[in-house]
Amino acid sequence: INKTKNEVNDVTIRNEYTTINAIIRHGFRKGETPIQRFEVEEIKITDHARRDTFTPEEYIEFYKSMRSWVKESYDSHERYYRSLIRDFILIKSNTFLRFGELMQLKWNMVKILDHRGHKIIQLNLPKEICKNRKSREVIARGGRYFDRIKEYSESHFDKDNFVFCKLNENERVSNSLMYKYWTQILKFSNFDKKKKILTYYSLRHFGITSRLYAQVPIYEVAKLAGTNVQFIEQHYEHLDMNKLRDSALKTFDIDKDGFVVR
């Protein structure tokens, strides 16, 4: 069911209550408020919200369209940002980091390793940038995307810089710019006309789904995603188990420019 921007899921409201109570508890412990918690009527979630994502076929179509989108940049400034957004999308799909985690990623958190002819990445995420405030290590394919970023942003490459940095500035790209380009690329690729609400989160969802279809153990997927097994089981229980078994016979690989099933 499509929702308007004024409609909010119950799970979102419940999560907001949880955040508010965490802040109140912190203030109470510090002696800054006499209130210990904010009491509200319990919201029970019986049907976990499912966000739209790409099918493997749609994702291939989507990332291939990004090639033309980058090539059609009207100047070097525009080409830099379109290239950066493309690599952000490809990295997010392979690592399924949350938007905020990837935006805060710095070069000193990134290691590019050679493994069996592939360039893989090892990301050491400090707890300060993780949603659950727990540090984690993520190992995934996609090292060549980081190498590519270094090539076109060499003028301000430094280990203490953000990976997704403004052109010729040691400052992180703004969220508003990221969303502007996301809207632009959806329109360019005609994905804005599909009966789906596709967001940056859809890339994380796609990455998790792809690993499950590839028969990666749920525990490992949860660990890489920075969540728990219960969350994976609740939000991905709709996956067709017959399709999972069939997919176990396929090889999931990445070609020159993105994540591909073949």
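Q: Which residue in β2 stands opposite Ile112?
A: In this predicted model, the residue facing Ile112 is Ile121.

Q: What makes β1 and β2 a pair of strands?
A: Two strands count as paired if there are at least two bridges between them. Strand β1 (residues 110-115) and strand β2 (residues 118-125) have six bridges, in the antiparallel sense, so the condition of at least two is met.

Q: How many residues lie between β1 and β2 in their hairpin?
A: There are two residues between them. In this turn Arg116 has a positive phi, about 55 degrees.

Q: What makes β2 and β3 a pair?
A: The test is again at least two bridges. β2 and strand β3 (residues 136-141) are joined by six bridges, in the antiparallel sense, and therefore they pair. Within this pairing, Gln122 stands opposite Ile139 in β3.

Q: Why is Leu97 called buried?
A: The word applies under 20% relative accessible area. Leu97 has a value of 0%, so the residue is buried.

Q: Where is Leu97, and what is it in contact with beyond its neighbours within four places in sequence?
A: Leu97 sits in the loop between α3 (76-95) and α4 (99-103). Its contacts, with those neighbours left aside, are Lys92, Leu102, Leu123, Leu125, Arg136, Val138 and Arg204. Another residue to look at is Leu224: its C-alpha atom is separated by 8.5 Å from that of Leu97, although 127 residues lie along the chain from one to the other.

Q: How do you know that the length of helix α7 agrees with what is expected?
A: Helix α7 (residues 200-213) has 14 residues, and at 1.5 Å a residue these should span 20 Å. Its end C-alpha atoms are 20 Å apart, so the two values agree.

Q: Why is α7 described as mostly covered?
A: Of its 14 residues, 13 are buried, which means that each of these 13 is under 20% relative accessible area.

Q: What is found at the start of α7 and just after its end?
A: At the start, a side-chain oxygen of Thr199 reaches to within 3.1 Å of the backbone nitrogen of Tyr201. After the helix comes Gln215, with a positive phi near 70 degrees.

Q: How many disulfides does a search of the whole structure find?
A: The search finds zero. To count, two cysteine sulfur atoms would have to lie within 2.5 Å. Cys130 is buried, at 0% relative accessible area, and Cys165 is buried, also at 0%.

Q: How many aromatic pairs does a search of the whole structure find?
A: The search finds 18 aromatic pairs.

Q: Why is the pair of Tyr80 and Tyr152 called edge-to-face?
A: Ring centres must lie within 6.5 Å, and planes over 60 degrees apart count as edge-to-face. Here the centres are 5.8 Å apart and the planes are at 80 degrees, so the name fits. The pair links Tyr80 in helix α3 with Tyr152 in helix α5 (residues 143-152), 72 residues apart. Tyr80 is buried at 4%, whereas Tyr152 is partly exposed at 25%.

Q: Why is the pair of Phe99 and Tyr200 called tilted?
A: The angle between the planes is 40 degrees, at 5.2 Å centre to centre. That angle is neither under 30 degrees (stacked) nor over 60 (edge-to-face), so the pair is tilted. Phe99 belongs to helix α4 and Tyr200 to helix α7, 101 residues apart. Both Phe99 and Tyr200 are buried.

Terms used. Residues numbered from 1 in each chain as written. Heavy atoms only, no water. Buried < 20%, exposed > 50% of the residue type's maximum accessible area, 1.4 Å probe, protein only. Contact = heavy atoms within 4.5 Å. Expected span 1.5 Å × (residues − 1). Polar contact = N/O pair within 3.5 Å; in protein donor to acceptor, adjacent residues only side chain to side chain. Phe/Tyr/Trp six-rings, centres within 6.5 Å; stacked < 30°, edge-to-face > 60°.
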